[in-house]
Amino acid sequence: MVPGARLVVLGKQGAGKGTQCVRLSHHYVVPHVSTGDMLRAAVKQGTPLGRKAKDLMDRGELLGDDLIMEMVGERLSDGDVRARGFVLDGFPRTVRQAELLAEVLAPIDIDLAVDIDVPTNQVLRRLAARRVCVDCGANYSLSQPPLINWTCDVCGGEVVQRPDDTEEAISRRLELYERQTAPLIEWYEDRSQLATVNGSGAPDTVTRRILRAVEDRRDQRGGRRIR
Ligand code: AMP
């Protein structure tokens, strides 16, 4: 049986986190826990959390640490996560969230935090071209559109530009990334839990780099190598 994994995936908006997290979740057979996807679902369903989140999300602002932790904490207590682990996408995003996560997970911490490193000019180009399915969140781009008329290949939903992929919201999100999320990278490095992976190049190449980093870490710890 494939052993599970407990992974945090970091990276600027547009670094390819979503795509890589889906692949990692299939590879290790663990749930993909994306706070952005959970919040977008709450907005779509019009729940109290969604109503609180919508405006902040559209402006590219972060939601409060405690609110996010409550949402993630609930998900992390589900049986599938407890049995196999997780790939965390878009969380933690602040040092405080990382501290809260470590508390919730104690005594078994994460295996590794993977930072997908892509230069800012490259993520700006990717974000401007990014298009997503409003129903299932599948990612497309202007250069790789769905097969038929901006209709999702996976579920038939409408494929559009995200409301927070406007120029203003993008620059705010990148500013917040530098201020709030970049210090996280140092935080994980100080704990010897970080692997930085070059995120430029084809998605398959980046996936191979990430899997190698995770497996190297397991080898160092005497864990089993996964194929
Ligand atoms: P994402 O899809 O990860 O880019 O998230 C979209 C938006 O959801 C962000 O711009 C924030 O407004 C909100 N959000 C997602 N994850 C978090 C988090 N961990 N902490 C605070 N806000 C978050």
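**Close-up A. Serine 192, an exposed residue with a positive phi.** At 56% relative accessibility, serine 192 counts as exposed; exposed means over 50% relative accessible area, buried under 20%, and partly exposed in between (1.4 Å probe, protein chains only). Serine 192 is not a glycine, yet its phi is positive, at about 55°. The residue sits in the loop between α8 and β8 (194-198); helices (H or I, at least four residues) and strands (E, at least two) are DSSP runs, numbered from the N terminus. The model is predicted: local features require pLDDT of at least 70 and side-chain atom pairs pLDDT 80 or more, while totals for chains, interfaces and linings use all residues. Residues are numbered from 1 along each chain as its sequence is written, and side-chain values use heavy atoms, with hydrogens and water left out.

**Close-up B. Tryptophan 150 and valine 154 in the loop between β6 and β7.** Tryptophan 150, although not a glycine, has a positive phi of about 55°. With 31% relative accessibility, tryptophan 150 is classed as partly exposed, whereas valine 154 is exposed at a relative accessible area of 65%. Outside its neighbours within four places in sequence, valine 154 is in contact with Cys136, Ala138 and Tyr140; contact means heavy atoms within 4.5 Å. Between valine 154 and aspartate 135, 19 residues apart in sequence, the C-alpha to C-alpha distance is 9.8 Å.

**Close-up C. The surroundings of the ligand.** The ligand has 16 residues around it, of which Thr35, Arg40, Glu61, Gly90 and Gln97 come nearest; a residue is near a molecule or strand if one of its heavy atoms lies within 4 Å of it. Helix α2 (residues 35-45) gives the most to this shell, with four residues. By residue class, the shell holds six nonpolar, four polar and six charged residues. Here Ala, Val, Leu, Ile, Met, Phe, Trp, Tyr, Cys and Pro count as nonpolar, Asp, Glu, Lys and Arg as charged, and the others, Gly among them, as polar.

**Close-up D. Ligand atoms and the side chains of threonine 35, arginine 40 and arginine 162.** An N or O atom in the side chain of threonine 35 is 2.8 Å from a nitrogen atom of the ligand. Arginine 40 places a polar side-chain atom 2.9 Å from an oxygen atom of the ligand, and for arginine 162 a distance of 3.2 Å separates a polar side-chain atom from an oxygen atom of the ligand. The protein buries 96% of the 480 Å² that the ligand exposes when taken alone. Accessible areas come from the Shrake-Rupley method with a 1.4 Å probe; for residues, only the protein chains shown count as cover.

**Close-up E. Arginine 162 in the loop between β7 (159-160) and α8.** Arginine 162 is buried, with a relative accessible area of 15%. A polar contact of 2.9 Å links its side chain to that of aspartate 164. A polar contact is a pair of N or O atoms within 3.5 Å; within protein, one must be able to donate a hydrogen and the other to accept it, and residues adjacent in sequence count only if both atoms are side-chain atoms. Apart from neighbours within four places in sequence, arginine 162 touches Arg40, Arg130, Val132 and Arg173.

**Close-up F. Leucine 101 within the largest nonpolar core.** This core has 28 residues, and those with the most contacts inside it are Leu101 and Tyr188. At least two residues each come from β1 (5-11), α3 (48-59), α4 (65-76), β3 (85-89), α6 (95-105) and α8 (167-190). A second, separate core of 24 residues includes Leu7, Leu112, Leu127 and Leu174. A nonpolar core is a set of buried Ala, Val, Leu, Ile, Met, Phe, Trp, Tyr and Cys residues joined through side-chain atoms within 4.5 Å. Beyond four places in sequence, leucine 101 touches Val8, Met69, Leu76, Leu88, Phe91, Pro92, Ile110 and Tyr188.

**Close-up G. Two cis peptide bonds, at proline 92 and proline 107.** Phenylalanine 91 and proline 92 are joined by a cis peptide bond with omega of about -5°. Proline 92 belongs to the loop between β3 and α6. The bond from alanine 106 to proline 107 is also cis, with omega near 10°, and proline 107 lies in the loop between α6 and β4 (112-117).
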